[in-house]
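User: I'm new to this structure and would like a close look at one part of it. Could you walk me through the disulfide and what surrounds it?

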Amino acid sequence: MKSLLLVLILFAFASQTNAETMSVDLTPTIEYPVEQLEPVQKALLSELLNSVTQLGYKKAACESERAITEEQLRSLNITSQQRGIVLSYFYIHQKRECEAEEYGEFARLVAANLAVQKQSEVLRFVNALNTVSSSVYFDYVETELEFNQLPECVRNKAYQAEFLQHPFSLMHTLEQFE
């Protein structure tokens with residue numbers, strides 16, 4: 001029987017299916033045959049997979065149930081379009097700050113694996129892990145560009161709003177405006 005390396009990737013946004021919360025279980029079990037890898041390659045891949053798991057745990061720990069209230073948002077005196085950009089920016093910014101240490105280790109191990117792994121299947125696997133795990137950071141760049149295009153007075157109000165300076169649930173906040 002071929003030996004397989006199994007890893008469970010845990011992401012905060014991917015909790016188990018639950019009809020009450022409308023959440024969906026997106027946490028895949030990834031299997032990859034490692035018997036043909038050299039010891040250094042196996043060790044680096046194993047470290048990467050452990051790092052992905054640690055990043056998933058941190059993502060879960062960084063989640064918040066706190067919703068920003070409609071009243072708090074009204075205090076900013078901004079348009080609904082600006083509100084969406086501001087909320088997205090601060091939500092992703094808080095997540096990025098909270099996960100920074102674990103993500104830094106993950107990124108380091110992705111780079112090491114891309115430099116050491118020789119098999120195209122392993123390289124595709126590493127790239128896939130990187131794409132899934134880094135998505136919030138790619139979204140941040142896009143959102144930051146949108147936020148920086150807002151008028152300076154809007155950005156200043158948002159930076160001064162205490163309620164935006166702490167983790168919050170974007171989903172619970174947006175539910176108030178449906």
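Analyst: Happy to. Keep in mind that this is a predicted model. Let's start with one loop, then step back to the whole protein, and then zoom in on the cysteines.

Ala 161 sits in the loop between α5 (152-160) and α6 (170-175). Its relative accessible area is 7%, under the 20% cut-off, so Ala 161 counts as buried. Along the chain, Ala 161 and Gln 72 are 89 residues apart, yet their C-alpha atoms are separated by 8.7 Å.

Now the wider setting. The protein has 6 helices and 2 strands, and if you read along the sequence you meet them in the pattern β-β-α-α-α-α-α-α. Of the 178 residues, 38% are buried. Among contacts with a separation of 6 or more, 78% involve residues 24 or more positions apart. On the outside, the accessible surface comes to about 10,500 Å², and carbon and sulfur atoms account for 53% of that.

What about the inside? The largest nonpolar core has 38 residues, and those with the most contacts inside it are Leu 45, Leu 48, Val 86, Phe 90, Phe 147, Leu 164 and Phe 168. At least two residues of this core come from each of α1 (39-62), α3 (80-116), α4 (120-148) and α5. The largest share belongs to α3, which supplies 11 residues.

That brings us to the part you asked about. A disulfide is a covalent bond between the sulfur atoms of two cysteines. The count here comes to 1 disulfide, and the partners are Cys 62 and Cys 98, with an S to S distance of 1.9 Å. That distance fits the rule, because a pair of cysteine sulfur atoms has to be within 2.5 Å. The angle about the S-S bond is -85°, and the link of Cys 62 and Cys 98 is left-handed. Cys 62 belongs to helix α1 and Cys 98 to helix α3, so the bond ties together parts that are 36 residues apart in sequence.

How covered are the two partners? Cys 62 has a relative accessible area of 7%, so this cysteine is buried. Cys 98 comes out at 29%, so Cys 98 is partly exposed. For another cysteine to look at, try Cys 153: with 48% relative accessibility, Cys 153 also counts as partly exposed, because exposed would need over 50%.

Note on methods
Residues are numbered from 1 along each chain as its sequence is written. This is a predicted model: local features need pLDDT of at least 70, side-chain atom pairs count only at pLDDT 80 or more; totals for chains, interfaces and linings use all residues. Side-chain values use heavy atoms; hydrogens and water are left out. Helices (H or I, at least four residues) and strands (E, at least two) are DSSP runs, numbered from the N terminus. Buried means under 20% relative accessible area, exposed over 50%, partly exposed in between (1.4 Å probe, protein chains only). Contact means heavy atoms within 4.5 Å. Accessible areas come from the Shrake-Rupley method with a 1.4 Å probe; for residues, only the protein chains shown count as cover. A nonpolar core is a set of buried Ala, Val, Leu, Ile, Met, Phe, Trp, Tyr and Cys residues joined through side-chain atoms within 4.5 Å.
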